[in-house]
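Okay, thanks for coming, everyone. Let me put the structure up, and then we'll walk through it together.

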Amino acid sequence: LHRYSGVIMKWARHTLFSSLLALSTAFAVPAILAGSLPAAGQEQAKDAGQFVQLLGNKAIAQLAGKDIPEAEERVRFRSLLTQYFDVNAIGKFTVGRGFWNTATPDQQKEFLTLYETQVTNAYAKRFENYSGETFKVTTQQKEGDSDTVVSSEISRPNGGPPVPVQWRVRAESGTFKIADVVIAGISMAVTDRQQFAAVIQRGGGTLQALIDALKTQNIVPASTKG
C-alpha cells in the first residue's frame, strides 16, 4: 500500500473538495451579510446561483479564522460538505461505474465513509488561510431538466487576474446539491476519477485497493501533512 500513497496525496491536492476549500477560503463576506446570515433550516435559495453564494457566505462565517479548535472546525466543515454537496453521487462517480458495480455493498459503504472523512480531515484546517479574496456569481445557465451551471469569479486582493469557476448544481426533490466544480476549464470530479482509477488499477482492479489506501491516509492527522 505504501506505493499508492504518492498517488493518493496527489489526488488530495487536486480533489474536487480541495477546490471547494481553495474557493471557499476565497469567499469574502460583506459585513452586512456576515451579520445577518439566516439560521439553518431558514435558508431558501431561490435559484442555483443564490445557493452557491450561500455556500460561500456560510463557509467564511463558520470556518474562516485561526481561533476555531480543529475538532470543531472539522465538525462544521463536514456539516457544510453534506449540506451543499452530493457526496455520495460524487464519490460513486470518482470510482467509476465498472469498479463501483463490482464492489460489495459493504465496500461501497466503507469507501463513501472514508471519502467523506478524508476530505474533512485534509481540508477543514485550511480555512484559516483566508486572505481577503472576493467572490461573485456572474451567470447561471440551465442544462437539461435538473442541472444548472453557475459561473463565478474569484478576485485576488493583489490585483492578479480573476479565477473563473463553474459550479454544476443539481436540483432534485426541491433541493439543490453541488455535483462538480470546474476551475479554469478543469473538472475536479473528472480529475478525482482519474487519480482513483490509477490507485485501483495498480492494486489489482478492485475498490478494496482504494479503500486500503484511503485508510492509511486517514491515520495521519490533516494538520501534520505537508
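So, the protein chain has ten helices and five strands; these are DSSP runs, with helices being H or I over at least four residues and strands E over at least two, numbered from the N terminus. Keep in mind that this is a predicted model, where local features need pLDDT of at least 70, side-chain atom pairs count only at pLDDT 80 or more, and totals for chains, interfaces and linings use all residues. Residues are numbered from 1 along each chain as its sequence is written, and side-chain values use heavy atoms, leaving out hydrogens and water.

Of the 226 residues in the protein chain, 45% are buried, meaning under 20% relative accessible area, with over 50% called exposed and anything in between partly exposed (1.4 Å probe, protein chains only). Now contacts, which are heavy atoms within 4.5 Å: if you take those between residues at least 6 apart in sequence, 65% join residues at least 24 apart.

Let's look at the sheet. The five strands make an open sheet in the order 1-2-3-4-5, with antiparallel pairing; two strands pair if DSSP finds at least two bridges between them. At the edges sit strand 1 (134-143) and strand 5 (186-187), each pairing on one side only. Strand 1 is joined to strand 2 (residues 147-155) by nine bridges, and threonine 139 stands opposite serine 151 in strand 2.

On to a helix pair. Helix 6 (residues 87-95) and helix 9 (residues 188-202) have axes that come within 7 Å and cross at roughly 50°. The axes are lines fitted to C-alpha atoms, for helices over the stretch in contact, with angles from 0 to 180 degrees between N-to-C directions. So helix 6 is oblique to helix 9: under 35 degrees would be roughly parallel, over 145 roughly antiparallel, 65 to 115 roughly perpendicular, and the rest is oblique. Helix 6 brings Phe93, Thr94 and Val95 to the contact, and among the helix 9 residues there are Val190, Phe196 and Ile200.

Right after helix 6, which residue lies in the loop between helix 6 and helix 7 (97-102)? That's glycine 96, and glycine 96 is buried, at 5% relative accessible area. Glycine 96 and valine 190 are 94 residues apart in sequence, yet 10.0 Å apart in space, C-alpha to C-alpha.

Last stop: glutamate 116, in helix 8 (residues 105-123). Buried or exposed? Glutamate 116 is buried, at 17%. Leaving aside residues up to four places away in sequence, glutamate 116 touches Arg78, Leu81, Thr82 and Val87.
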